[in-house]
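Q: Please take a close look at one part of this model, namely its interior, and explain how the surrounding parts relate to it.

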Amino acid sequence: MISFGVFETFGAGLLILGFGYLLSRLRIFSVLCLPAAVLGGVFALSVLVLFSHFFELKISFDESLKESLLLAFFASLGLGIDFSKKSNFSKNFFIFLGLCAFIMVLQNLLGIMIISLFDKQKELGLIAGSISLSGSFGMGAFWSEVLKTQPYNITNALDISIACATFGVLFGSVLGAPLGAFLIEKFVLKKENFRFESKEKSHSQKELGTELGKALVLFFSKKELKNTIISALLLAFCVLCASVIKLFISLPAIIFAFIFALILRVLCYFFGLNLAHKNLALLGNFCLALFLALALISIDLKALLDIGLPLFVLLCLELVLMLFFVFFITFRVFGRDYEAALLSSAQCGLCLGATPIALANLEKLELRFFSSKSALAILCLSGVFFIDFINVLVIWLFLSFL
């Protein structure tokens, strides 16, 4: 067993990101629109599994770094909100929430039905449904404690939820962005795409691009170094505040990070202080990519292998259900346009994995095509504030009737 500390974990994450970036330059991965963090993370995970199997060498990574990276990313979202431009997204926001609630209900119905065919306890269907898929690891840990007690007595609920959430995160990462790219290429008219992209592509998208060299210049040039340092300090302040508040209030720390960042952004707006949005976006995207890479290499594939045939069959069917839902319902409800494709990809990541997975899918699509402030706002508000509360309500209703 080799245990990596914070600095070793950070260095390993950088190497994984760098290798993933090189892989993303290959045409096959560029066409699939897979994020560099996913490519590097999956490759590194495969190497770790081989080392563990053939050399009996297991490597563990520091977990504390992942939470800080995630908090910094959500803080960058709050600080990056542009109050000078109004996005007409309120209607789509409520529709998106409604569709997410609908897929949670379908996930649980499918779970109960399939598990019943194997003569297993029906609550297992909820664990492999919205508890672990739409709720991911956090919701799985919470409800596992409930399901361990009377009258459920599912003693291995936590192990099952971790395995199911691992399945969701892995496939939400791998399938989300390629699904969005497929929808864009197949259903959005190319002539309209070309016209829209050439004239309305966002200013930040033009300047940032996807080239690593441009990012390094933005970070370390004399002109931008001051803005980069100020942006990093603001993110660190939000992370620190969120971490302290979490000690006293039992809510996800990402909520506090986003709220503190939003308060700072409002104060800067009213006092006329300009924030370096380009630097904040780069720092935030870097934190998200590093978090995703570290999350993927921390996946326990052994837990997936030990999950059992009934649950494995159920998870595969849940995956088919999710793809069917976003393709035939979400994409069409939102009008079969570019934003509909973005929201479909985001929902695939959100309801199979977690909010960071959905945001990574969205970011990759925006880098390849063009950005959508409305889609980003809908996903941020849904994923940070509302999805978990809706999921808790759905799960509670199902448990009440079982």
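**The interior and its surroundings**

A: Of the 402 residues of the chain, 49% count as buried. The model is a predicted one. Its secondary structure comes to 19 helices and 2 strands. Contacts that reach across the sequence are also worth noting: when contacts between residues at least 6 apart in sequence are considered, 81% of them join residues at least 24 apart.

The interior itself may be described through its nonpolar cores. The largest nonpolar core has 112 residues, and those with the most contacts inside it are Phe74, Ile127, Leu147 and Leu359. Helix α8, which runs over residues 157-187, gives this core its largest share, 12 residues. A second, separate core has 10 residues, among them Ala75, Cys238, Leu264 and Leu275. As a general background, nonpolar side chains tend to be buried together in soluble globular proteins.

Isoleucine 127 offers a view from within the largest core, being one of the residues with the most contacts inside it. When its neighbours within four places in sequence are left aside, isoleucine 127 is in contact with Ser132, Leu147, Ile154, Ala157, Ile160, Ser161 and Cys164. One of these partners, Leu147, is likewise listed among the residues with the most contacts in the core.

The loop between α7 (136-147) and α8 comes next. Proline 151 has its place in this loop, and the peptide bond leading to proline 151 from glutamine 150 is cis, with omega near 0°. Asparagine 153 lies in the loop between α7 and α8 as well. The phi angle of asparagine 153 is near 55°, a positive value in a residue other than glycine. With a relative accessible area of 40%, asparagine 153 is partly exposed, because this value falls between the limits of 20% for buried and 50% for exposed.

A positive phi is also found at arginine 336, where the angle is near 55° in a residue other than glycine. Arginine 336 belongs to the loop between α16 (309-333) and α17 (338-352). This residue is partly exposed, with a relative accessible area of 39%.

Attention may now turn to the helices. Helix α14 covers residues 277-297, and 15 of its 21 residues are buried, so α14 is largely enclosed by the rest of the structure. Its length can be checked by simple reasoning: at 1.5 Å a residue, helix α14 should span 30 Å, and its end C-alpha atoms are 30 Å apart, which agrees.

A pair of helices shows how such elements pack. Helix α5 (residues 90-117) and helix α19 (residues 373-401) pack at an angle of about 35°, and their axes are 10 Å apart. The crossing in which α5 passes α19 is right-handed. On the side of α5, the residues that meet α19 include Phe93, Phe96, Leu97, Met104 and Ile112; on the side of α19, the residues that meet α5 include Ile378, Leu381, Phe386, Val394 and Phe398. The residues of this contact divide into 16 nonpolar, 4 polar and no charged.

Finally, glutamate 67 gives a view away from full burial. Glutamate 67 has its place in helix α4 (residues 64-79) and is partly exposed, with a relative accessible area of 37%. Leaving aside neighbours within four places in sequence, glutamate 67 is in contact with Lys246 and Ala253. Glutamate 67 and alanine 253 are 186 residues apart in sequence, yet their C-alpha atoms are 8.7 Å apart in space.

How values were computed. Residues are numbered from 1 along each chain as its sequence is written. This is a predicted model: local features need pLDDT of at least 70, side-chain atom pairs count only at pLDDT 80 or more; totals for chains, interfaces and linings use all residues. Side-chain values use heavy atoms; hydrogens and water are left out. Axes are lines fitted to C-alpha atoms, for helices over the stretch in contact, and angles run from 0 to 180 degrees between N-to-C directions. Helices (H or I, at least four residues) and strands (E, at least two) are DSSP runs, numbered from the N terminus. A crossing is left-handed if the near helix is turned anticlockwise from the far one by less than a right angle, and right-handed if clockwise. Contact means heavy atoms within 4.5 Å. Ala, Val, Leu, Ile, Met, Phe, Trp, Tyr, Cys and Pro count as nonpolar, Asp, Glu, Lys and Arg as charged, and the others, Gly among them, as polar. The expected span of a helix is 1.5 Å times one less than its number of residues. Buried means under 20% relative accessible area, exposed over 50%, partly exposed in between (1.4 Å probe, protein chains only). A nonpolar core is a set of buried Ala, Val, Leu, Ile, Met, Phe, Trp, Tyr and Cys residues joined through side-chain atoms within 4.5 Å.
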